[in-house]
Amino acid sequence: ASLKPGGALLLGLSGRESVARHWREQSRVEIEGVLYLERRWVAEDWSALHAEWTVVCDGVRRDFQVRQRLYAGTELRDLLASLGFMDIGLFGSLDAKTPYDHTAERLVAIAHAARRVR
């Protein structure tokens, strides 16, 4: 309802397939004196990713909790079609020439809203 008829929707997210392929329970990185820690776990039969993030900057610690819905490519395509989107394409990056396959780093969907018929 928020798109003009024929308008395009672009979604970029971490696909379930790429998350599983690059799975790590923990990560730690320091960039320019800021420490980033993350602990992850999957839930609900791989339909959700939960994470606890800790950021330490100038001796101040901040903690965050995140829940992200994980979609498989086919699941996202079917969901968009059920909402009335047409010409749905799945890609492995923002470059529409990159296929969504076993090498994809992202799940990018481009879908078009139905055109109004007068």
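# Briefing: helix α2, strand β3 and the salt bridges

Just after helix α2, the residue G84 takes a positive phi of about 100°. The model described here is predicted. The points below begin with that helix, then turn to backbone angles in loops, to two residues of strand β3, and to the charged pairs, which come to 6 salt bridges by the rule used here.

**Helix α2 and its buried side**

- Helix α2 spans residues 73-82, and within this helix G73, L76 and L80 are buried. These residues cover an arc of only 70° around the axis, which puts them on the same side of α2.
- In general, an α-helix has 3.6 residues a turn, so residues three or four places apart point the same way.
- The buried residues of α2 pack against two strands that come later in the chain, β6 (86-91) and β7 (107-112), and also against β1 (8-13) and α1 (16-21).

**Positive phi angles outside glycine**

- Most residues other than glycine have a negative phi, and against that background two loop residues deserve a look.
- E32, which is found in the loop between β2 (26-31) and β3, has a phi near 50°, a positive value in a residue other than glycine. With a relative accessible area of 81%, E32 is exposed.
- D58, placed in the loop between β4 (48-57) and β5 (60-69), likewise has a positive phi, near 55°, although it is not a glycine. D58 is exposed as well, its relative accessible area being 74%.

**Strand β3: a surface residue and a buried arginine**

- Y36 lies in strand β3, which covers residues 34-43, and at 35% relative accessibility this tyrosine counts as partly exposed.
- Together with V29 and I31, Y36 forms a nonpolar patch on the surface, and the accessible area of the three residues together is about 250 Å².
- R40 is also found in strand β3, but this arginine has a relative accessible area of 13% and is buried, because the cut-off for that class is under 20%.
- The side chain of R40 is joined to the side chain of S27 by a polar contact of 3.0 Å. Leaving aside residues up to four places away in sequence, R40 touches W23, R24, E25, Q26, S27, L49, H50 and A51.

**Salt bridges**

- R39 forms a salt bridge with E52, and the closest N and O atoms of this pair are 3.3 Å apart. The pair links distant parts of the chain, since R39 is in strand β3 and E52 in strand β4, 13 residues apart. Both partners count as partly exposed, R39 at 37% relative accessibility and E52 at 30%.
- R67 and E44 meet through their side chains in a salt bridge of 2.7 Å, N to O. This pair, too, links distant parts of the chain: R67 is in strand β5, while E44 is in the loop between β3 and β4, 23 residues apart. R67 is partly exposed with a relative accessible area of 46%, and E44 counts as partly exposed at 44%.
- R61 and D63 have side chains that meet in a salt bridge of 3.1 Å, N to O. R61 is exposed, with a relative accessible area of 55%, whereas D63 counts as partly exposed at 48%.
- Beyond these pairs, R16, R69 and E75 are joined into one network by salt bridges that share partners.

Notes:
Residues are numbered from 1 along each chain as its sequence is written. This is a predicted model: local features need pLDDT of at least 70, side-chain atom pairs count only at pLDDT 80 or more; totals for chains, interfaces and linings use all residues. Side-chain values use heavy atoms; hydrogens and water are left out. Buried means under 20% relative accessible area, exposed over 50%, partly exposed in between (1.4 Å probe, protein chains only). Helices (H or I, at least four residues) and strands (E, at least two) are DSSP runs, numbered from the N terminus. The arc is that of the directions from the helix axis to the C-beta atoms. Contact means heavy atoms within 4.5 Å. Patches are made of residues with over 30% relative accessible area and no salt bridge: like charges are joined within 9 Å, nonpolar side chains (Val, Leu, Ile, Met, Phe, Trp, Tyr) within 5 Å. Accessible areas come from the Shrake-Rupley method with a 1.4 Å probe; for residues, only the protein chains shown count as cover. A salt bridge is a side-chain nitrogen of Lys or Arg within 4 Å of a carboxyl oxygen of Asp or Glu. A polar contact is a pair of N or O atoms within 3.5 Å; within protein, one must be able to donate a hydrogen and the other to accept it, and residues adjacent in sequence count only if both atoms are side-chain atoms.
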